[in-house]
Amino acid sequence: MSARRFLVLMVLSLALGFAGFNLFSGAMLDRLRVDLTERGLYELSPGAREVLARIDEPVNLTFYFSRSEAARYPALRAYGARVREMLRTIAARSGGRVRLEEVDPDPFSAEEDAAIAAGLEPAPTEDGGQIFFGLTGRNAVDDERVIAFFDPVEEARLEYEIVRTLAELERARTPKIAIISDLPFAPDREGRSGNPVIDELARAFEVAWLENDFEAIPEDADALFLLHPAPLSDGQTYLVDQFALRTGRVLALVDPMAHVALKPGPDGLPPVNANRASTLSRLFSTWGLSYDVNTVAMDARNGLPVQIAEGGRTRMRAYPLWFAAPPANLNTDAPALAALSRGINLGSPGVLSAQPGLEDRFTGLIFTSEAAARLDADRAAASPPPEELMRELDPAPDAPLTIAARLDGPFQTAFPGGPPAGDIDLDPARHLVESEGAGEIVVIADADLLDPAFFLRADPAAGPQVVADNPALILNLADRLAGDPALVSLRSRAGSERPMVRVEALRSEAQARYVETQERLQRELADAEARLEELSRAGRASALGGAAEADSGEAAALRAEILDARERLREIERGFRVEIDALERALLFWTLWVPPFLVICAGLVITLLKRRRRS
């Protein structure tokens, strides 16, 4: 055989071998997946595997993604690949019961018409095009669920969104939650409340809002949510009591200082008859819970940053009345909190504890740090500045304080004498003295965690960013009490974005070093300005005004001191920026330039060694 013929045959053999290997791997190895990412981005949670194992009829998923349009947007293209891999993993782990199809709808095509008809919401592009990036799911009886658009902002909830779609297609009915609330979150005629947590609840559950004068709780409700309720009458309290005994599924958010209830509406005024505080004192005492509606908690260690005006400048200061409960302050043994990685943000919450002798049914869920204290609720309502709160803060001897707790039944009725007399017609024959089985009641002494201001951060470039797990907590509890417990472990998965943790830590350390000097100079500056103002008001700051030589000399020294202090403050701010810039340049050098330089050096060394051996 000639050399040329041998070369042609070898190339053809390699091409056929390559094509055969691809066909073989596509057919045989498609279900084999190895996740080597540090955070296990492509590994399914136990809850997802549980839902997949329950599916006994085929489910067809259609993933709509406009690849060509999205190619011009690197972030969207990368997130599209992330979604695609997650869907492929789910299909591969379903044992063939989940069938996945991907569609790239061309403009004015039948696929585009089908996507629009299914309810997908395309995103417009700069040149007038549109990007479809959603999912439809259909079960054997043609029930359909839709994810209108995969928003990259919600990447942490990607697995939950997809698996929830499968769970809704698998279950026979949508769980129902009855809500009693005095907060302005009731949905409008279009079903939107304007609150992302409430809107998410409405998407996942059938929600029944009860008016403040309600006279019954739906019999078919799976759980009851009391979200900062208005004061209940005896008859309404009895209805809640009997629901808790009958189903054992209640979530109560009460608050001694609910800022969210007093937020101004579109007219710039708080809602009419808004209640600052809420409690369920009669039920709490029966359930074994202690809660003082006149006391709030504050935390000196985990205060949230707030913007304040100080010395004519706007600065950020930690506010101890609004604080975070980081993951270390959550009870991760509780399934609803185990997967929360960003913590919970709270606003002037109350304090919970177990009544003596009933500690065995009380489990704390959310805690303050040990640098926490109690404060009178009226004092908190005046919004004192952070400096005053820090000066007055006297750590509680029983800190860390409990902000949220779970109460495990059985429970006794708060009405041992039967239904109370009143306006509501109650049936004594249905009266329950104690719960029919084991119950679970969750109480959180804060309603402000529902306020988007406590868990969303505005970002002009990327839109609102979720910075705390407040929504995930409420949705987890909803799934725990009324829905599918398997979904609890799916929320708040780590995103693929890698935060510059080391940079942020070094930035915080540098800022901390400057803050102490900065605060000392600001105090000296304020004292000098106050003294100079005092001399000026008395006409003793200038010799031209008849001031004594000593006074005019002191005034001149004060002016020099003020100028010097201001110059040193500017130097501190310049020094801080210079240090941060130097830090970023150093990191760029070590991460972008040093690795390829080392690879080039290694290549040169290997080449030189080979040449030396040959010679």
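The legends below describe an overview and several close-up views of a predicted model of one protein chain.

**View 1. Overview of the protein chain and its secondary structure.** The chain holds 15 helices and 22 strands. Of its 615 residues, 43% are buried. Contacts between residues at least 6 apart in sequence were also sorted by separation, and 75% of them join residues at least 24 apart. The exposed surface of the chain comes to about 32600 Å², and carbon and sulfur atoms supply 55% of that area.

**View 2. A nonpolar surface patch that includes Leu 14.** Phe 6, Leu 7, Met 10, Val 11 and Leu 14 make up this patch, which covers about 500 Å². Leu 14 belongs to helix α1, a helix that runs over residues 3-28. The relative accessibility of Leu 14 is 59%, so this residue counts as exposed.

**View 3. A positive surface patch that includes Arg 614.** Four residues form the patch: Lys 610, Arg 611, Arg 613 and Arg 614. Arg 614 is part of helix α15, which spans residues 549-614. With a relative accessible area of 73%, Arg 614 is exposed.

**View 4. A patch of negative charge on the surface.** The residues gathered here are Glu 211, Asp 213, Glu 215, Asp 423, Asp 425 and Asp 427. Asp 423 sits in the loop that runs between strand β19 (402-408) and strand β20 (440-444). Asp 423 has a relative accessible area of 78% and is therefore exposed.

**View 5. The salt bridge between Glu 69 and Arg 72.** The structure holds 32 salt bridges. In this one, the side chains of Glu 69 and Arg 72 meet with an N to O distance of 2.6 Å. Arg 72 is partly exposed, as its relative accessible area is 44%.

**View 6. The salt bridge between Arg 374 and Asp 398.** Here the side chains meet at 2.8 Å, taken from N to O. The pair links distant parts of the chain, since the two residues are 24 apart. Arg 374 is in strand β18 (residues 372-376), while Asp 398 is in the loop between helix α12 (386-392) and strand β19. Both partners can be described by their accessibility: Arg 374 is partly exposed at a relative accessible area of 38%, and Asp 398 counts as partly exposed at 42%.

**View 7. The salt bridge between Glu 524 and Arg 568.** The N to O distance between these two side chains is 3.7 Å. Glu 524 lies in helix α14 (residues 501-537) and Arg 568 in helix α15, so the salt bridge ties together parts of the chain that are 44 residues apart in sequence. Glu 524 has a relative accessibility of 28% and counts as partly exposed. Arg 568, at 30%, counts as partly exposed too.

**View 8. A network of salt bridges that share partners.** The residues joined into this one network are Arg 145, Glu 161, Arg 164, Glu 168, Glu 200 and Arg 203.

Note on methods
Residues are numbered from 1 along each chain as its sequence is written. This is a predicted model: local features need pLDDT of at least 70, side-chain atom pairs count only at pLDDT 80 or more; totals for chains, interfaces and linings use all residues. Side-chain values use heavy atoms; hydrogens and water are left out. Helices (H or I, at least four residues) and strands (E, at least two) are DSSP runs, numbered from the N terminus. Buried means under 20% relative accessible area, exposed over 50%, partly exposed in between (1.4 Å probe, protein chains only). Contact means heavy atoms within 4.5 Å. Accessible areas come from the Shrake-Rupley method with a 1.4 Å probe; for residues, only the protein chains shown count as cover. Patches are made of residues with over 30% relative accessible area and no salt bridge: like charges are joined within 9 Å, nonpolar side chains (Val, Leu, Ile, Met, Phe, Trp, Tyr) within 5 Å. Lys and Arg count as positive and Asp and Glu as negative; His and the chain ends are not counted. The place of a charge is taken as NZ of Lys, CZ of Arg, CG of Asp or CD of Glu.
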